[in-house]
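The following exercises are to be worked with the sequence and the model in view. Each task is followed by a solution in steps.

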Amino acid sequence: MLSVSKMTKPTKFCLSNDCNRWVQLGTGSHTLNSTQTDYCSIYCRLYTEQKLKKIPVPDTLGRKNMRFPPIERCCDSCGETLELKWDDHFSNRCFCNRDCHFKMRRDKSVRKPELRYQILRLMRDHPKDVWNVHEIADMMDKSNNRYRVNWRVISQVIKALSVVERVEPSVYRLKPEGYTGPLLRFVVRNGS
Ligand SMILES: [Zn+2]
Ligand SMILES: [Zn+2]
């Protein structure tokens with residue numbers, strides 16, 4: 001049955017001490033979070049793990065306001081450096097611009113490029129390192145309010161990903177090379 005809104009109800013606050021947002025999964029959430037279950041965003045996970053602090057930024061009147069510092073990571077498409085910011089939509093940013101995003105979404109060299117990418121991004125950005133296909137499907141289902149995600153489809157697609165290795169039947173982990181550089185090279189054919 002199709003539900004009108006599958007967005008998960010927020011039940012806890014972001015684990016970052018300096019953040020006051022809810023942890024919420026879903027394309028309809030403020031931060032577009034689809035990978036974090038303890039933090040509101042990948043920004044807050046990195047901010048906490050890297051023990052970052054807010055920095056004073058002078059405003060036009062010279063008063064210093066405490067602001068979240070930008071965090072650098074690489075674009076998942078072209079590999080250029082981009083800035084993650086605490087601000088809503090920038091806190092889960094993975095591409096430097098729309099072109100880079102569409103390059104992944106519209107790739108024709110493989111089937112379901114977006115799903116391939118989402119699996120890899122979840123495995124990379126979530127702290128958990130070993131994943132059962134049911135857990136992946138469950139996370140994706142909660143993050144996506146437009147369509148249902150079936151574990152059988154995940155099972156099929158994940159087998160085609162060379163950067164993922166099988167630990168035991170239906171259980172997978174991302175290989176070390178998946179944690180650095182743009183993920184697009186593992187999604188499309190001739191990507192590297
Ligand atoms: Zn947060
Ligand atoms: Zn880019």
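**Exercise 1. The open sheet**

Task: Determine the strand order of the open sheet of three strands, and state which strands stand at its edges.

Solution. The order in this open sheet is 5-7-6, and the pairing is antiparallel. Strand 5 (130-132) and strand 6 (164-168) stand at the edges; each has a single partner strand, so one side of each is left without a neighbour in the sheet. Direction ignored, neighbouring strands of this sheet are turned by 35 degrees against each other on average; the axes behind this value are lines fitted to C-alpha atoms.

Next, consider one pairing in detail. Three bridges join strand 5 to strand 7 (residues 171-174) in the antiparallel sense. N132 has V171 of strand 7 as its bridge partner. Two strands are said to pair if DSSP finds at least two bridges between them.

This is a predicted model, in which local features need pLDDT of at least 70 and side-chain atom pairs count only at pLDDT 80 or more, while totals for chains, interfaces and linings use all residues. Residues are numbered from 1 along each chain as its sequence is written, and chains are lettered from A and ligands numbered from 1 in the order in which they are written.

**Exercise 2. The overall fold**

Task: List the elements of the protein in order, and compare the radius of gyration with the globule rule.

Solution. Begin with the count: the protein has six helices and seven strands. Here helices (H or I, at least four residues) and strands (E, at least two) are DSSP runs, numbered from the N terminus. Read from that terminus, the order is α-β-β-β-β-α-α-β-α-α-β-β-α. The radius of gyration is 17 Å, close to the 16 Å of the globule rule for 192 residues, so the protein is as compact as a globular protein of that length. The radius is taken over C-alpha atoms, and the rule is 2.2 Å times the number of residues to the power 0.38.

Then add the dimensions and the contacts. Along the principal axes, the C-alpha atoms fill a box of roughly 55 × 40 × 30 Å. Of the contacts between residues at least 6 apart in sequence, 48% join residues at least 24 apart; a contact requires C-beta atoms, placed from the backbone, within 7 Å. Finally, 34% of the 192 residues count as buried. A residue is buried with 20 or more other C-beta atoms within 10 Å of its own, exposed with 12 or fewer, and partly exposed in between; these atoms are placed from the backbone.

**Exercise 3. A hairpin**

Task: Describe how strand 1 and strand 2 are joined, and state where L61 is found.

Solution. Strand 1 (residues 55-58) and strand 2 (residues 64-67) run antiparallel and are joined by four bridges. I55 stands opposite R67, and V57 stands opposite N65. The two strands form a hairpin with five residues between them, and G62 in the turn has a positive phi of about 85 degrees. L61 lies in the loop between these strands. With 5 other C-beta atoms within 10 Å, L61 is exposed. The C-alpha atom of L61 is separated by 25 Å from that of D18, 43 residues apart along the chain.

**Exercise 4. Two helices in contact**

Task: Establish how helix 3 packs against helix 5, and which residues make the contact.

Solution. Helix 3 (residues 113-125) and helix 5 (residues 151-159) pack at an angle of about 85 degrees, and their axes are 10 Å apart. Helix 3 is therefore roughly perpendicular to helix 5, a term for angles of 65 to 115 degrees. Helix 3 contributes L115, R116 and I119, and helix 5 contributes I154, V157 and I158. By class, the contact has five nonpolar, no polar and one charged residues.

**Exercise 5. Positive phi outside glycine**

Task: For L32 and K112, give the phi value and decide whether each is buried, partly exposed or exposed.

Solution. L32 is not a glycine, yet has a positive phi of about 55 degrees. L32 is found in the segment before helix 1 (42-49) and is partly exposed, with 19 other C-beta atoms within 10 Å. K112, also not a glycine, has a positive phi of about 50 degrees. K112 is found in the loop between helix 2 (98-105) and helix 3, and its 15 other C-beta atoms within 10 Å make it partly exposed.

Technical notes. Axes are lines fitted to C-alpha atoms, for helices over the stretch in contact, and angles run from 0 to 180 degrees between N-to-C directions. Angles under 35 degrees count as roughly parallel, over 145 as roughly antiparallel, 65 to 115 as roughly perpendicular and the rest as oblique. Ala, Val, Leu, Ile, Met, Phe, Trp, Tyr, Cys and Pro count as nonpolar, Asp, Glu, Lys and Arg as charged, and the others, Gly among them, as polar.
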